[in-house]
Amino acid sequence: MTEQNHQIEALLYAGWSRVQGRDAIQKTYVFEDFVAAFGFMTQAAIWSEKWNHHPEWSNIYNRVQVVLTTHDIGGLSDLDIKLARKMDDLAGS
């Protein structure tokens, strides 16, 4: 197993899942309310911009659904793993 596969497996254990039909991972974060969800998205957006790696995501009230993949390579990259870990840290996961 490659190091990247090992890291992806650790993310799957932490609540991420594979997106069917794509080389991507997804997770839904649930927060206390809209303000907490929006705060998470704001923090994640700052890191995403810093790393020039942007998620596919949506927000409905206290839920934030995230999909990570690297469009340039058509699949998962180290940046996806890095951003997933950062999002988990920001969410307190």
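Asn 52 sits in the loop that links helix 2 to strand 3. In this predicted model, Asn 52 is a handy place to start, since its backbone carries a positive phi of about 50° even though the residue is not a glycine. Most residues other than glycine have a negative phi. Asn 52 is also out in the open: its relative accessible area is 60%, so it counts as exposed. A similar backbone angle turns up at Tyr 61, where phi is near 50°, again positive in a residue other than glycine. Tyr 61 belongs to the loop between strand 3 and strand 4.

Stepping back to the whole chain, the secondary structure adds up to three helices and four strands. Walking along the sequence, these elements come in the pattern α-β-β-α-β-β-α. The radius of gyration is 13 Å, close to the 12 Å that the globule rule gives for 93 residues, so the chain is as compact as a globular protein of that length. Along the principal axes, the C-alpha atoms fill a box of roughly 40 × 25 × 25 Å. Of the 93 residues in the chain, 38% are buried. Sequence-distant pairings are well represented too: taking contacts between residues at least 6 apart in sequence, 62% join residues at least 24 apart.

As for the surface, the accessible area of the chain is about 5700 Å², and 52% of that belongs to carbon and sulfur atoms. Charged side chains number 8 positive and 12 negative, with the centres of the two sets 2 Å apart.

Helix 3 brings several parts of the fold together. This helix covers residues 78-91, which makes 14 residues, and spans 20 Å from its first C-alpha to its last, close to the 20 Å expected at 1.5 Å a residue. Its buried residues are Asp 80, Ile 81, Leu 83, Ala 84, Lys 86, Met 87 and Asp 88. What do the buried residues of helix 3 pack against? Their partners are helix 1 (3-13), strand 2 (25-30), helix 2 (34-51), strand 3 (56-60) and strand 4 (63-68). Right after helix 3 comes Gly 92, with a positive phi near 75°.

Two of those buried residues can be followed a bit further. Lys 86, part of helix 3, is in contact with Trp 47 and Trp 51 once its neighbours within four places in sequence are left aside. Between Lys 86 and Thr 69, which are 17 residues apart along the chain, the C-alpha separation is 15 Å. Asp 88 and Ile 46 lie 42 residues apart in sequence, and their C-alpha atoms are 15 Å apart in space. Ile 46 itself is in helix 2, and with a relative accessibility of 54% it counts as exposed.

Leu 68, in strand 4, tells the opposite story: its relative accessibility is 1%, so this residue counts as buried. Which residues does Leu 68 touch, not counting those up to four places away in sequence? The list runs through Trp 16, Ala 24, Ile 25, Pro 55, Leu 76, Asp 80, Leu 83 and Ala 84. Asp 80, Leu 83 and Ala 84 are among the buried residues of helix 3, and strand 4 is one of the elements that the buried residues of this helix pack against. Phe 40, by comparison, is 28 residues from Leu 68 along the chain, with 16 Å between the two C-alpha atoms.

Key
Residues are numbered from 1 along each chain as its sequence is written. This is a predicted model: local features need pLDDT of at least 70, side-chain atom pairs count only at pLDDT 80 or more; totals for chains, interfaces and linings use all residues. Side-chain values use heavy atoms; hydrogens and water are left out. Helices (H or I, at least four residues) and strands (E, at least two) are DSSP runs, numbered from the N terminus. The radius of gyration is taken over C-alpha atoms; the globule rule is 2.2 Å times the number of residues to the power 0.38. Buried means under 20% relative accessible area, exposed over 50%, partly exposed in between (1.4 Å probe, protein chains only). Contact means heavy atoms within 4.5 Å. Accessible areas come from the Shrake-Rupley method with a 1.4 Å probe; for residues, only the protein chains shown count as cover. Lys and Arg count as positive and Asp and Glu as negative; His and the chain ends are not counted. The place of a charge is taken as NZ of Lys, CZ of Arg, CG of Asp or CD of Glu. The expected span of a helix is 1.5 Å times one less than its number of residues.
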